[in-house]
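Subject: Structure handover

Hello,

Here is the structure to take over, with the findings written out below it.

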Amino acid sequence: MNEKPDRYYLTTPIYYVNARPHLGHAYSTIVCDAIARRKRALGVDTWFLTGTDEHGQKIERSAALAGRTPAEFATAISAEFRGLWDQLGLTYDDFIRTTEARHMRGVQHLFATLRDRGFIYKGSYTGQYCVSDEAWVDVPAGSPCPDCGRMTETVSEENYFFKLSAFERKLLEFYEANPGFMGPESTRREVISFVRSGLADVSISRTALKWGIPVPGDEQHVIYVWFDALANYITALGYGSDLPEDQERFNRFWPADMHLIGKEISRFHCVYWPAFLMAAGIRPPRSVKANGWLLFDQGKMSKSKGNIVRAETVNTVLGSDALRYFLLREIPFGQDGSFSFDALVQRYNGDLANGYGNLVSRVVNMVHKYFGGVIPASTSDDALVETAARTIAAFGPEFDALNFSEALKGVWTLVAETDGYLTANAPWKRPAERPEAEHAALQAKVLATAAEAIRIITALVYPILPDSAAKVWRELGQGEIADAAKRAFLTELAWGGLKAGTQFGEPTPLFPRAEKDAVERMQNLEDENNRTVIEAATGKTGIAQSSPQAPASALSIEPSPAAASPSVVTVQPGSSGTSRHQATEQGDHNLTPATTAPVDPQKPVERIAITPVAAEHASSRLTSAPTMAPMGGTLAGAGQAPGTQDPGAAGLGLAAASGFAELAQTITIDDFVKVDLRVAQILVAERVPKADKLLRLEVDLGYEKRQILAGIAQFYEPERLVGRKIVIVANLAPRKMRGLESNGMLLAASLPDGAPVLAGFLEEVPLGARLK
Ligand code: MSP
């Protein structure tokens, strides 16, 4: 029972700022925008919150990879989210960033409250942590995350714990008493069975990272990012503030009516969050509703899979209403749904251009043509009254139950009936036997009736097609629909609102038919964007990811496979020193526990991944499949030394045809282990006078520092390299170049045009760790 029915508070998840927004994020935010618009148009005092989740290890690492501070990095990506929501015309009331003082203060207040109430204690913990999900997972050391498949890390820390175990029964009782709390049904079942299987206490602080909110009174610890993030829903309203206006807003809008989330984060929202709130003596939210996943190319659209589409692309070619309509009409809420440009264009042309848009244009044009743009007085025709009434009555409950697709289907039945009604009555054609006056009366009746149906249709679809509805509202002579919404026009929506004598506005193009090339244009925009990201990541445009002038759009961190540097060995001129540390043979060839001497044995075992992610996931439109390519003495060619290729090797022709060097001769593992590959960090990078291809680097291997000369000066600005972690061949014999000694060699992928892309890491990795 909602005891505050005149107000409605709804939220989106706050989005991680490790990568730029894509259509998946837009989906959840658009759904909330549609709900917020309808609520406001029903006269409900609505508060719609969105924002960005900016702390934690994932962001800290992404920022380091980009060569920026976490704060700079978060600010740039957060601005991209906000900018996109503005570009799409989304009507959020507040945008919270978890790095804002108001949030940090509120989170510390919540933490202190829970501690004071005896729900937080200190203990030590060893377990597997998934950085990508920012979650502890119950798997043995060395196993991947069961949710996202990425490698987990063993973390052993002294942490603060939350007594989640104390809430097992309370949560089950709460779910029982509030059957509408979680949805859809599949989510409800999963959550209940998770809680029934027993709840263990959860760690809610970390010491291994700095990028977070300090635990009040024990600043060695930062608060676990999910505790921090979930609290945004209350801190944004003013929780933890002494200001009367904040307290008033909090009291007015809490508890939230709905947290709309993606289904993968239901456990955090349906188990942890209500438990934290119960422990603090705050009421849990009224509901948590999970949208399904937007799939593209068969998988969940996600940055790390590299199968994303940007909302900007659809907005540019078809407009944001087309995107909104597609997402809400095509995908039954709660289920996964495939996105494709073809399906989008088909829906757009079928339902919007040929359906609603065409209907509006026919009727408005005829009112102008036959009645000078003024709605004539006429005896009313009841033909559509019943369907209209039924549509109005069904729309609200379907929409409120989040069955947007069904609600829209109902409206399009009215569109089709109105179309049919026009065709059947053909007001544009006077049969010879029909007297002129009689025909004029029929025209008046048919057009007034059709126009009234359009008014009803337009009012109903306003939350989903706000821009188009605003245009049609003006064409129908109704003024600004946003003003009507402020007057709660949906509360009194009924047949008969269009009065005789209403002056219509000029017809405006609504949904111009999408031509055959629309799909191609959208694909080209995506390809163009991917190219820009790759170029920015490889520095080929001269705009480096880490350079201050880099567009925020170049911040493609947690490198998208499409944009990832292929992890390929490219031999640079240079020579070696000898490694003083021989690692033991452990792990498989891609993943090597960093147990070599320079690594602190007290620290958890890190794993280094140098997997060719680009090859694994590269989008079919991108040809970034890497091959092993010794690059010889110059950077210009990726050619193989004569006589080194294995004529029988499969795929040779393919590699050559794609512009990559051919596969090298087969070697045994014994040959490979002779090469000592190590993680190093660049401390100094500078040009070598009179050698335009050479850079002089000083690198830190953790256990020693060395000088390496690398022929990459034409592709990398030296300033941009400082701080970057790279891979070097550490046991090449030293060699002199331009009078300088080079002690090692960098590894880089070699692109078809010869440009190098330095190998790097997605995860934190200690200096000196050996690659095997
Ligand atoms: N920061 C956490 C949420 C904290 S909320 C207190 C997080 N962020 S996220 O950037 O990964 O965004 C997750 C949300 O974005 C999902 O829960 C979902 O709402 C939306 N989506 C991201 N990709 C999506 C799809 N491919 N499909 C549908 N929604 C998607 O998790």
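A polar contact here is a pair of N or O atoms within 3.5 Å. By that cut-off N291 counts as a contact of the ligand, because a polar atom of the N291 side chain lies 3.4 Å from a ligand nitrogen. Please keep in mind that this is a predicted model.

The ligand site

Two further residues place polar atoms beside ligand nitrogens. For D53 the atom belongs to the side chain, and the distance is 2.7 Å. For I14 it is a backbone N or O atom, at 2.8 Å. The protein covers 95% of the 660 Å² of accessible area that the ligand has on its own.

The ligand is surrounded by 26 residues, and the closest are I14, S28, D53, E264 and L294. Sorted by class, this shell holds 14 nonpolar, 9 polar and 3 charged residues. At least two shell residues come from each of β2 (15-16), α1 (23-41), α7 (225-230), α8 (232-235) and β13 (258-262). Helix α1 gives the most, with 4 residues.

The chain as a whole

The protein chain has 772 residues, of which 56% are buried. It contains 23 helices and 29 strands. Of the contacts with a separation of 6 or more, 75% are between residues 24 or more positions apart. The chain exposes about 31300 Å², and carbon and sulfur atoms supply 52% of that area.

Helix α3 and S78

Helix α3 covers residues 70-87, 18 in number, and reaches 25 Å from its first C-alpha to its last, close to the 26 Å expected. Its buried residues are F73, A74, A76, I77, S78, E80, F81, L84 and W85. An α-helix has 3.6 residues a turn, so residues three or four places apart point the same way. The cover over the buried residues of α3 includes β2, α1, β3 (45-53), α2 (57-66), β4 (94-97) and α11 (311-318). Just after the helix, G89 takes a positive phi of about 70 degrees.

Where does the side chain of S78 make a polar contact? Its partner is the side chain of E54, at 3.3 Å. S78 is part of α3 and has a relative accessible area of 3%, so it is classed as buried. Leaving out residues up to four places away in sequence, S78 touches V17, T52, E54, F95 and R97.

A second serine, S62, lies in helix α2. S62 counts as buried because its relative accessibility is 4%, under the 20% cut-off. The side chain of S62 reaches the backbone oxygen of K58 at 2.8 Å.

Helix α16 and the loop before it

Helix α16 (residues 436-461) has 26 residues, which should span 38 Å at 1.5 Å a residue; the end C-alpha atoms are 37 Å apart, which agrees. Since 20 of its 26 residues are buried, α16 is largely enclosed by the rest of the structure.

R430 lies in the loop between α15 (404-425) and α16. Is R430 buried or partly exposed? At 39% relative accessibility, R430 is partly exposed, because the class runs between 20% and 50%. The side chain of R430 reaches the backbone oxygen of R434 at 2.6 Å. Not counting residues up to four places away in sequence, R430 touches P435, E436 and H439. R430 and Q443 are 13 residues apart in sequence, with their C-alpha atoms 9.5 Å apart in space.

Backbone points to check by eye

The peptide bond from G183 to P184 is cis, with omega near 0 degrees. P184 sits in the loop between β8 (182-183) and α6 (185-196). The bond from W254 to P255 is also cis, with omega near 0 degrees, and P255 belongs to the loop between α9 (244-253) and β13.

E134 is not a glycine, yet has a positive phi of about 50 degrees. E134 is placed in the loop between β5 (120-130) and β6 (135-137), and is buried at 1% relative accessible area. A488, likewise a residue other than glycine, has a positive phi near 60 degrees. The loop that holds A488 runs between α18 (481-486) and α19 (517-538). A488 has a relative accessible area of 12%, so A488 is buried as well.

Regards

Methods
Residues are numbered from 1 along each chain as its sequence is written. This is a predicted model: local features need pLDDT of at least 70, side-chain atom pairs count only at pLDDT 80 or more; totals for chains, interfaces and linings use all residues. Side-chain values use heavy atoms; hydrogens and water are left out. A residue is near a molecule or strand if one of its heavy atoms lies within 4 Å of it. A polar contact is a pair of N or O atoms within 3.5 Å; within protein, one must be able to donate a hydrogen and the other to accept it, and residues adjacent in sequence count only if both atoms are side-chain atoms. Accessible areas come from the Shrake-Rupley method with a 1.4 Å probe; for residues, only the protein chains shown count as cover. Ala, Val, Leu, Ile, Met, Phe, Trp, Tyr, Cys and Pro count as nonpolar, Asp, Glu, Lys and Arg as charged, and the others, Gly among them, as polar. The expected span of a helix is 1.5 Å times one less than its number of residues. Buried means under 20% relative accessible area, exposed over 50%, partly exposed in between (1.4 Å probe, protein chains only). Contact means heavy atoms within 4.5 Å.
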